[in-house]
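Work through the exercises below with the sequence and the structure at hand, and try each task yourself before you read its solution.

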Amino acid sequence: MRSMRHAVMLLGLFAPLPLLCGQREATAEDVAKIPPLPPPGLMVTLSAKGEAALAWRPSKLESVVAYKVYRKEGDGEFKLLKEVRTPSFVDKKVPHSDVEYAVTSVDSRSGESKLSKPAKKPDPK
């Protein structure tokens, strides 16, 4: 039987360094604490109404149960807008300033991923 440490490396997940250096075997509990990766492929389009439609590729992990959508205005901090269950969201109250969006994956076991690569609101045409 292969060790959990080997399974972690085969899955391409990142475990704490001591686990990968052989100081002890990774347990199922250790693996469950590894947060999911951020969702890839975030894109933002602007509708004729001025709404921002966000879409991203869904997680392949069954343990990901939701996504959190964040917005940043200008030089400010990212602030949570909404938690959604599907890989899309429409921001109906888009500020007129420079805006960036980012998304996280929410895992039923280990919590929330880091922010995705931000995507800027396109300029209206």
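**Exercise 1: A lysine in a strand**

Lysine 82 is found in strand β4, which covers residues 79-84. Keep in mind throughout that the model is a predicted one.

Task: Decide whether lysine 82 is buried, partly exposed or exposed, and find which residues lysine 82 is in contact with once its neighbours within four places in sequence are left aside.

Solution. Begin with the relative accessibility of lysine 82, which is 43%. Buried would require a value under 20% and exposed a value over 50%, so lysine 82 counts as partly exposed. Next, leave aside the neighbours within four places in sequence, and the contacts of lysine 82 are Tyr67, Lys68, Val69 and Phe89. For one of these residues, valine 69, there is also a distance to consider: the C-alpha atoms of lysine 82 and valine 69 are separated by 5.4 Å, although the two residues are 13 residues apart along the chain.

**Exercise 2: An aromatic pair**

Task: Determine how tryptophan 56 and tyrosine 67 are arranged as an aromatic pair, and explain which parts the pair ties together.

Solution. The count for the model comes to 1 aromatic pair. This pair is formed by tryptophan 56 and tyrosine 67, whose rings lie 5.5 Å apart from centre to centre, with 70° between their planes. Since planes over 60 degrees apart count as edge-to-face, the pair is edge-to-face. Now locate the partners: tryptophan 56 lies in the loop between β2 and β3 (64-73), while tyrosine 67 belongs to strand β3, so the pair ties together parts that are 11 residues apart in sequence. Finally, look at the accessibility of each partner: tryptophan 56 is buried with a relative accessible area of 5%, and tyrosine 67 is buried with a relative accessible area of 5%.

**Exercise 3: Strand β6 and its partners**

Task: Establish how many residues of β6 are buried, and work out how β6 pairs with β3, with β8 and with β7.

Solution. Start with the cover of the strand: 9 of the 9 residues of β6 are buried. If the two faces are taken in turn, Val99, Tyr101, Val103, Ser105 and Asp107 are buried on one side, and Glu100, Ala102, Thr104 and Val106 are buried on the other.

Then go through the partners of the strand. Strands β3 and β6 run antiparallel and are joined by 9 bridges, and here alanine 66 stands opposite valine 106 in β6. With strand β8 (residues 119-120), β6 pairs in the antiparallel sense over 2 bridges, where glutamate 100 stands opposite lysine 120 in β8. With strand β7 (residues 111-112), the pairing of β6 is again antiparallel, over 2 bridges, and aspartate 107 stands opposite glycine 111 in β7. The connection from β6 to β7 is a hairpin through 3 residues.

**Exercise 4: A serine within β6**

Task: Find which backbone atom lies 3.1 Å from a polar atom of the side chain of serine 105, and state how accessible serine 105 is.

Solution. Serine 105 lies in strand β6, which spans residues 99-107, and serine 105 is buried, with a relative accessible area of 1%. The atom in question is the backbone oxygen of leucine 37, which lies 3.1 Å from a polar atom of the serine 105 side chain. If residues up to four places away in sequence are not counted, serine 105 touches several others, among them Pro36, Leu37, Val64, Tyr67 and Gly111.

**Exercise 5: An open sheet**

Task: Give the order of the 3 strands that form the open sheet, and explain why one side of β1 and one side of β5 are left without a neighbour in the sheet.

Solution. The order of the strands is β1-β2-β5, and the pairing is antiparallel. The strands β1 (43-46) and β5 (88-91) stand at the edges and have a single partner strand each, which is why one side of each is left without a neighbour in the sheet. From one strand to the next, the twist averages 20°. As a last step, examine the pairing of β2 (residues 52-55) with β5: the two strands run antiparallel and are joined by 4 bridges, and alanine 55 stands opposite serine 88 in β5.

Technical notes. Residues numbered from 1 in each chain as written. Predicted model: local features only at pLDDT ≥ 70, side-chain atom pairs only at ≥ 80, totals over all residues. Heavy atoms only, no water. Pairing = 2+ DSSP bridges. Axes fitted to C-alpha atoms, helices over the stretch in contact; angles between N-to-C directions. Phe/Tyr/Trp six-rings, centres within 6.5 Å; stacked < 30°, edge-to-face > 60°. Buried < 20%, exposed > 50% of the residue type's maximum accessible area, 1.4 Å probe, protein only. Contact = heavy atoms within 4.5 Å. Polar contact = N/O pair within 3.5 Å; in protein donor to acceptor, adjacent residues only side chain to side chain.
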